[in-house]
Amino acid sequence: MSVKINLNILCVALVVALGVSACKKENGGYSHNSSAPITITSFTPEEGATGTEVLINGSNFSSDTSQIKVTINGVPLKIAGAKENQIMAYLTTKTGTGPVEVTIGKNTGASTTDFSYLFSYVVTTLAGSGNSGYADGTGAAASFNFAGVRSQLSVDDNLNVYVPDGGNQRIRKIAPDGTVTTLAGMGQNGFADGNAADAKFNNPCGTAVDANGNVYVAERNGRRIRKITPDGTVSTHAFSSGNGGNELTSVVINKTTGNVYWSDFYGDGIYTLKNGNVTKVINYSLPCTITIDAAGNIYATHYDAQMVRKYTYDATNDAFDNGVDIAGTDRQSGWVDGTGPMARFNNPWGIAMDSKNNLYVAGLGEGRNSNCVRMIDADKWVSTIAGVGDRGFAEGTGSSARFSGPTGIAVDKNGNMYVLDMANNRVRKISVK
């Protein structure tokens, strides 16, 4: 009897002192005190990928999981269980790196340190049988013939991928479910504008999509930039028999101004149309592939320089600066991850940018140790996210995947990537999780 009385006295004292029904401990439950702060003292582990369980330690939580919201960067975690001083939650999707936040009612508590999210890069085949040929179809039922044409692909906001199929002299379209159709080209090398089914291309090796759904095509040997309208009409946007029309390797569009730019490998620069004339706007040796950000700045891979460079756009004067090095060191090759000039590339080729201004670079492949996909973040840190440099074919996550000549790369609005795996005659997808 005396023990029971003493417990009741203790409960009354705790209620007065803390303003909470501490006596609920007798039933195994805890209630949040809305007039006191939520405190997070620690969490473990401090890093992890999707599916990672995170144990959050602190105070003034609740055992009623329906009242608790746990987030990282605003992305909710799934709550597995909770009590007064601990919450077990797990990551259900990519969250990114940031503080852990616990919200109960109108109160929110945040950790003083960040949880480090580890992205997973899962490589699968979107389309392609792996054999050289021509066939429309879904997934492995489709065939491409890239024929050693180093090419850059693109993706629209509806997740359709536009693939220059150089060996087949066609432009192919891949729907999100992997269904491949022919967008334009009759399959003969040459030049002919007009109806998409009757058009002729001369080794198409780059595509870009504008805000109106027009697809622009760079021809490696045709010395032309072609335009395919949504109604299936092919026309010539630009043509040059001299500089600006040597070996066109990629094309991009400034979606604010509508300006179309292309890289001319042996023309040693980036070109556009000005007043109807093909004009060099960036002068630098052997640009492989280019990408463009929302401000109109252009980023390029350079074959002999072994570097990635940025060219800043001056919208007032419609001009670019002389460029700065982003990653790599001039004419020093290798496969080394690191920051800025400490990184090394083996003839980088494809380049693309995501919505957070991270750059992705695909290696040229061939006999070089560059059959992989690299990422350059905002701090200019270069890391290998898929493949390990050697040639092959394998699905898998990160370093377990293999490519053979991953020359083209594009990023969709969700941050997933598409790779033109040249020597494997496949288009691969890298899902970011």
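**A predicted chain in questions and answers**

Me: What share of the 433 residues in the chain is buried?
Reply: This is a predicted model, in which local features need pLDDT of at least 70 and side-chain atom pairs count only at pLDDT 80 or more, while totals for chains, interfaces and linings use all residues. Residues are numbered from 1 along each chain as its sequence is written, and side-chain values use heavy atoms, with hydrogens and water left out. Buried means under 20% relative accessible area, exposed over 50%, and partly exposed in between, with a 1.4 Å probe and protein chains only. Of the 433 residues in the chain, the buried share is 51%.

Me: How much area does the chain expose?
Reply: The accessible area comes from the Shrake-Rupley method with a 1.4 Å probe; for residues, only the protein chains shown count as cover. Carbon and sulfur atoms supply 48% of the exposed area, and the total is about 18100 Å².

Me: How far apart are the centres of domain 1 and domain 2?
Reply: The chain is divided into domain 1 (39–117) and domain 2 (121–432), with bounds from an automatic or database domain assignment. Along the principal axes, the C-alpha atoms of the chain fill a box of roughly 100 × 45 × 40 Å. Taken over C-alpha atoms, the separation of the centres of domain 1 and domain 2 is 40 Å.

Me: How many strands are there in the chain?
Reply: Helices (H or I, at least four residues) and strands (E, at least two) are DSSP runs, numbered from the N terminus. The chain has one helix, and its count of strands is 39.

Me: Which annotation covers residues 37–118?
Reply: Over residues 37–118 the chain is 0% helix and 62% strand, and the end C-alpha atoms are 30 Å apart. UniProt positions are given in the numbering used here, feature names are shortened, and annotations may be inferred rather than shown by experiment. According to the unreviewed UniProt entry, the annotation covering residues 37–118 is "domain: IPT/TIG".

Me: Which strands stand at the edges of the open sheet β21-β22-β23-β24?
Reply: The four strands of this sheet have antiparallel pairing, where two strands pair if DSSP finds at least two bridges between them. One side is left without a neighbour in the sheet where a strand has a single partner, so the edge strands are β21 (248–253) and β24 (277–283).

Me: Which residue in β24 does Thr 272 stand opposite?
Reply: Strand β23 (residues 269–274) pairs with β24 in the antiparallel sense over six bridges. Opposite Thr 272, in β24, stands Thr 279.

Me: Which residue in β30 does Lys 310 stand opposite?
Reply: An open sheet of four strands has the order β25-β26-β27-β30, with antiparallel pairing. Three bridges join strand β27 (residues 307–311) to β30. Opposite Lys 310, in β30, stands Val 324.

Me: Is Asn 275 buried or exposed?
Reply: Most residues other than glycine have a negative phi. Asn 275 is not a glycine, yet its phi is positive, about 55°. Asn 275 lies in the loop between β23 and β24. With a relative accessible area of 80%, Asn 275 is exposed.

Me: Is Asn 425 buried or exposed?
Reply: Asn 425 has a positive phi of about 50° although it is not a glycine. Its place is in the loop between β38 (417–421) and β39 (426–432). With a relative accessible area of 8%, Asn 425 is buried.

Me: What is omega for the cis peptide bond that joins Thr 44 and Pro 45?
Reply: Pro 45 is in the loop between β1 (39–44) and β2 (47–48). Most peptide bonds are trans. The bond joining Thr 44 and Pro 45 is cis, with omega at about -5°.
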